[in-house]
Structures are given as structure tokens and as C-alpha cells.
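Trainee: I am new to this structure and would like a close look at a single part of it. Please choose one element, describe what surrounds it, and then follow its surroundings outward, explaining each term as you use it.

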Amino acid sequence: LKMTNEMAQQYIDVFKQKAQENPKDTNAMFAMGLFYMGLKNYELAQRNFKMAVDQQPTEPDMYYYYALSLFEGKSPKALDHQTANKIEEWLHTATNLQGKRKYLILLMILRQGAFMANGLQVRGEQPDELFAKIKTLMPEPDELLEIETHVNISDPQNVEYLQILKGEK
């Protein structure tokens, strides 16, 4: 979401009030997670996404955004193994619920940058297999901008994948 920090905080306050009035308001929790993530307050974003998932476990975007927030602006290569596995688990759940392209892009980036770049074995589809699948799907607006905002992508193979997806190569 593109807005000033002050505007984001105003919206957070509105959704906090909604959540206080109705603690089961999943949309309020999810919205607060998005606004906190926009402010790069990943800890509060994660807390809100997790509460939203716990209350509505069939919504794939909640899993995706929780996984995205777990990167905390870091490079996939810099993630500890436990966090990388956790992200993979959340993305796996999201893709099982709905095969959106952005879910697969983030999973590809994770597997290439956190596992292969660190010499670890990838379970399931390899990054190049995911890339082939991604190219067959219709892009969503700002899907790459959103990922690049919250993930430091420095692995040369991931950089190349993204350049191709952007039509730069």
C-alpha cells in the first residue's frame, strides 16, 4: 500500500478499534498486518497475519502475506534455516489453497536464495521448475514490486529470474 506513515497509522488505529469491537474481525487483523508491513514493522505485521490465519485458515493471501513478512526485508540467503522452513511451509499452504503466480514467485525466490544458494537441498519443485510454471500464469499488478519491497533479492539467479519476468531480459 502506497501512503504516508501518518496515513497508515490512522488506518491502523481505525482497524484496531474494529478489532477491539469484534475480536473475530479477520479483515481488521489482516488489514492491520498489511499496514504494519507497509511501515516495515514486521513483528506487528506477523502477529496480525497469524491471528487472521488462525481465525480464517482457508484464505491463501493471509498465508502468503505472513510468509512475505517473515523475510523482514532480508535476503533469502541471510535467513536462518528455521525461518526459511517456516516461510516454505506457509507458502506451500497458500499455493495448495490457490496457485497464484505471486505465491510461486516468492517460493521460487526462497528456494533459490535460501536453500540452493546456501548449498542445501530443495524439497519439491526446483526453482527452475517453478520459474517455468510461473511464466505460464497471468501476472498480477505490482506482484514483483510487493516482493522486492520486502525481500532483499541479491542472488544472481533470482535477479535473472525477476529480470525475465519484468521483460528486461
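Mentor: The buried residues of H4 pack against H2, H3, H5, H6 and helix H8 (143-150), and this is where I suggest you begin. The model is predicted, with local features described only where pLDDT is at least 70 and side-chain atom pairs counted only at pLDDT 80 or more, although totals for chains, interfaces and linings use all residues. Residues are numbered from 1 along each chain as its sequence is written, and side-chain values use heavy atoms, with hydrogens and water left out.

Helices here are DSSP runs of H or I with at least four residues (strands, E, need at least two), numbered from the N terminus. Buried means under 20% relative accessible area, exposed means over 50%, and partly exposed lies in between, with a 1.4 Å probe and protein chains only. On that scale H4 is mostly covered, since 11 of its 11 residues are buried. Reading along the helix, these are Pro60, Asp61, Met62, Tyr63, Tyr64, Tyr65, Tyr66, Ala67, Leu68, Ser69 and Leu70. After H4 comes Glu72, which sits in the loop between helix H4 (60-70) and helix H5 (81-97). Glu72 has a positive phi of about 55° although it is not a glycine, and it counts as partly exposed because its relative accessible area is 33%.

Among the partners of H4 are H2 and H3, which also pack against each other at an angle of about 155°, with their axes 8 Å apart. Axes are lines fitted to C-alpha atoms, for helices over the stretch in contact, and angles run from 0 to 180 degrees between N-to-C directions. That angle makes H2 roughly antiparallel to H3; angles over 145 degrees earn that description, while those under 35 count as roughly parallel, 65 to 115 as roughly perpendicular and the rest as oblique. H2 passes H3 in a left-handed crossing, meaning that the near helix is turned anticlockwise from the far one by less than a right angle, whereas clockwise would be right-handed. Where the two helices meet, with contact meaning heavy atoms within 4.5 Å, the H2 side includes Met29, Phe30, Gly33 and Met37, and the H3 side includes Ala45, Phe49 and Ala52. The loop between H2 and H3 contains Lys40, a residue that is not a glycine yet has a positive phi of about 60°. Lys40 counts as partly exposed because its relative accessibility is 46%.

The structure holds 8 aromatic pairs. One of them joins Phe30 and Phe49, whose rings are tilted, at 5.7 Å centre to centre with 55° between the planes. This pair links distant parts of the chain, since Phe30 lies in helix H2 (residues 26-38) and Phe49 in helix H3 (residues 42-55), 19 residues apart. Rings of Phe, Tyr and Trp (its six-membered ring) pair if their centres lie within 6.5 Å, and planes under 30 degrees apart count as stacked, over 60 as edge-to-face and the rest as tilted. Both Phe30 and Phe49 are buried, and ring pairs link them with Tyr64, Tyr65 and Tyr103 into a cluster.

Tyr64 also leads into the largest nonpolar core, where, of 51 residues, Tyr64, Ile105 and Leu110 touch the most other members. The largest share of this core, 10 residues, comes from helix H6 (residues 101-115). Such a core is a set of buried Ala, Val, Leu, Ile, Met, Phe, Trp, Tyr and Cys residues joined through side-chain atoms within 4.5 Å. Beyond four places in sequence, Ile105 touches Ile134, Glu143, Leu144, Ile147, Leu162 and Leu165.

H6 in turn packs with H9 at an angle of about 155°, their axes lying 9 Å apart, and the two are therefore roughly antiparallel to each other. Asn158, in helix H9 (residues 156-165), is buried because its relative accessibility is 1%. Leaving out residues up to four places away, Asn158 touches Met108, Ile109, Gln112, Gly113 and Ile153.

Finally, Pro127 lies in helix H7 (residues 127-134) and is buried, with a relative accessible area of 1%. Its contacts, again beyond four places in sequence, are Met108, Arg111, Gln112, Met116, Val122 and Tyr161. The C-alpha atoms of Pro127 and Leu110 are 8.7 Å apart, and the two residues are separated by 17 residues along the chain.
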